[in-house]
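The following exercises concern helix packing, a chain interface and salt bridges. Each task is followed by a worked solution.

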Amino acid sequence: MLCQSCNERTATIHLTEISEGMRMESHLCEVCAQKQGLAIKSQIPLNELLSTLLAAQSEPHSSEAAPEAAADTSCPACGMTLKKFIQKSQLGCPHDYEAFGEPLQGVIQKAQNGHLRHCGKVPSKTPVDARDQIQLMNLRQQLEEAVRNEDYEKAAKLRDKMENLQ
Amino acid sequence: MRASDLSHHVSKWFDGSGPGADIVISSRIRLARNLAGYEFLPCLTTRRQAEVMEKLTKALLSLELGEAVFFIDVDASSALEQDVLVERHLISRQHARSKGPRGAVIAPSESFTAMINEEDHLRIQVFKTGLQLRECWQQIDRIDSCIEEKVDYAFDPGYGYLTACPTNVGTGIRVSVMVHLPALKMTGQIDKFFNAARDSDLMVRGLFGEGTEAVGDFFQVSNQVTLGVSEEQIVDEFVDLIVPKITQYEAMAREVLLNQQSDAVDDKIQRALGVLRSARLISSQEALFLLSHVRLGINLGRVDGISIDAVNELFMLTQPAHLQMNSGGALDADHRDAMRAKMIRSKLCVN
């Protein structure tokens, strides 16, 4: 099916709208859909993500000099500022993850599909309780997935493992 | 061992011998790591950058991989040597062109490579031919644990492995497959593949050439999310879901081409061979483009008398830096094009 707007490209977006009891169908290609302002999930480059973040912070509701203050947050260990990070998309040192707190958390959440906590390999040198915590997280996720896939045998095994750790 | 010792043969990961290698050329896993107690590269002084390099080089050179790894001082290497390593995917272009003490530790089989002081202090990679991601993960996990016994990684119980760019934080893992998708391209379905990949949070880039343009229908598909999912989950998703889908689409497109448009396909393949066998000047872009058609032709059984090895070799050895390294020094573009054409003719002509 061709896009009904440009009649050139294949329609890949099929939209059904119901307003005031009327049903409207439109079939568009991606380019035309974007032109009409239909949101399409796309990969946002990190620097763009970062500048939107800063823009969001400088919205007036936070009053006074908050945006400038946020941009000027600097890490006591390496001197990196949030503003510089936004320009370079690279942090200055491991402490920045703590120093830039919430604004950075927002970026990470957006870039990492909503995730905020590591669940995966842990260095063997990590203290035992921290390692157990991460492993628990790990198992919990696997359990959820097993339940979603209706693999109850696997789920039972995972639950036993979790109980051993707790 | 030096870059010039590598430039005469095809990288093992590109030799087409692995499982499913007609479509999935190779598998790669990369881990990004940083040393605790050191700033990331943007804030690291040259002196401390040299310290990081010394520590990591020492740890890497003592690894037992079944073959003796060697060290290349990237900072002291010539631009041509750097480019050969880039063309073989042993180091990144960014690593080649940045400044300060930085190096690479490479296994002679090229199945393992480590970049020191690239965007992160350490980036290790394991390559295997065909679809062998689980094997890649087993190997790199073991290597990573060995390194970790010797150095302290920057690790946070909440965020996981800390990286210079938050897009790598958590596992620091980048799982990739390099795929050859000429039939999807010819049947005009490549955009569908891009869209599907994007919707599944995957990154698609070209395999050859600079930037993101995919010359020769080779693509690199990688995960984007590194936090909140475990390494095994990411690998499993690739092996069980993503790669089978891509392979299936490409195989279907190949079948459609053979069954419904065999004249058109044969025409493309034979024209490509015609140009490659007779051109006197050929750019690397054009060569990649045409060789891709020939590779498809061989995989579809439409070309006789040319081995897939010969074509794979041409893909690798006709790249600009390889050509120059093997001819003994810098050449301008015209000379390169002439030399490339000659090399291709002698490989592909029957007599």
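**Exercise 1.** Determine how helix 3 of chain B and helix 12 of chain B are oriented relative to each other.

Solution. Helix 3 of chain B and helix 12 of chain B are oblique to each other, because an angle under 35 degrees counts as roughly parallel, over 145 as roughly antiparallel, 65 to 115 as roughly perpendicular and the rest as oblique. The underlying values are a crossing angle of roughly 130° and axes that come within 8 Å, for residues 79–87 and residues 320–327 of chain B. Axes are lines fitted to C-alpha atoms, for helices over the stretch in contact, and angles run from 0 to 180 degrees between N-to-C directions. Helices are DSSP runs (H or I, at least four residues) numbered from the N terminus.

The model is predicted: local features need pLDDT of at least 70, side-chain atom pairs count only at pLDDT 80 or more, and totals for chains, interfaces and linings use all residues. Residues are numbered from 1 along each chain as its sequence is written, chains are lettered from A and ligands numbered from 1 in the order in which they are written, and side-chain values use heavy atoms, with hydrogens and water left out.

Next, identify the residues. Helix 3 of chain B contributes B:Leu80, B:Glu81, B:Asp83, B:Val84 and B:Glu87, which meet B:Pro320, B:Ala321, B:His322, B:Gln324 and B:Met325 of helix 12 of chain B (contact means heavy atoms within 4.5 Å).

Finally, B:Glu81 also has a salt bridge to B:Arg2, at 2.8 Å from N to O; a salt bridge is a side-chain nitrogen of Lys or Arg within 4 Å of a carboxyl oxygen of Asp or Glu. The two residues are 79 residues apart, B:Arg2 lying in the segment before helix 1 (3–6) of chain B.

**Exercise 2.** Describe the packing of helix 13 of chain B against helix 11 of chain B.

Solution. The axes of helix 11 (residues 308–317) and helix 13 of chain B are 10 Å apart, at an angle of about 170°. Helix 11 of chain B is therefore roughly antiparallel to helix 13 of chain B. From helix 11 of chain B, B:Ala310, B:Glu313, B:Leu314 and B:Leu317 meet B:Met343, B:Ile344, B:Lys347 and B:Leu348 of helix 13 of chain B.

Helix 9 (residues 262–278) of chain B also packs on helix 13 (residues 333–348) of chain B, with axes within 7 Å and crossing at roughly 115°. Here B:Leu273, B:Leu276, B:Arg277 and B:Ser278 of helix 9 of chain B touch B:Ile344, B:Arg345 and B:Leu348 of helix 13 of chain B.

**Exercise 3.** How many residues of chain B are in contact with chain A, and which salt bridge does A:Lys121 form?

Solution. In chain B, 48 residues are in contact with 40 residues of chain A. A total of 3 salt bridges is counted between chain B and chain A. A:Lys121 pairs with B:Asp141, with the closest N and O atoms 2.7 Å apart. Over all chains, 23 salt bridges are found.
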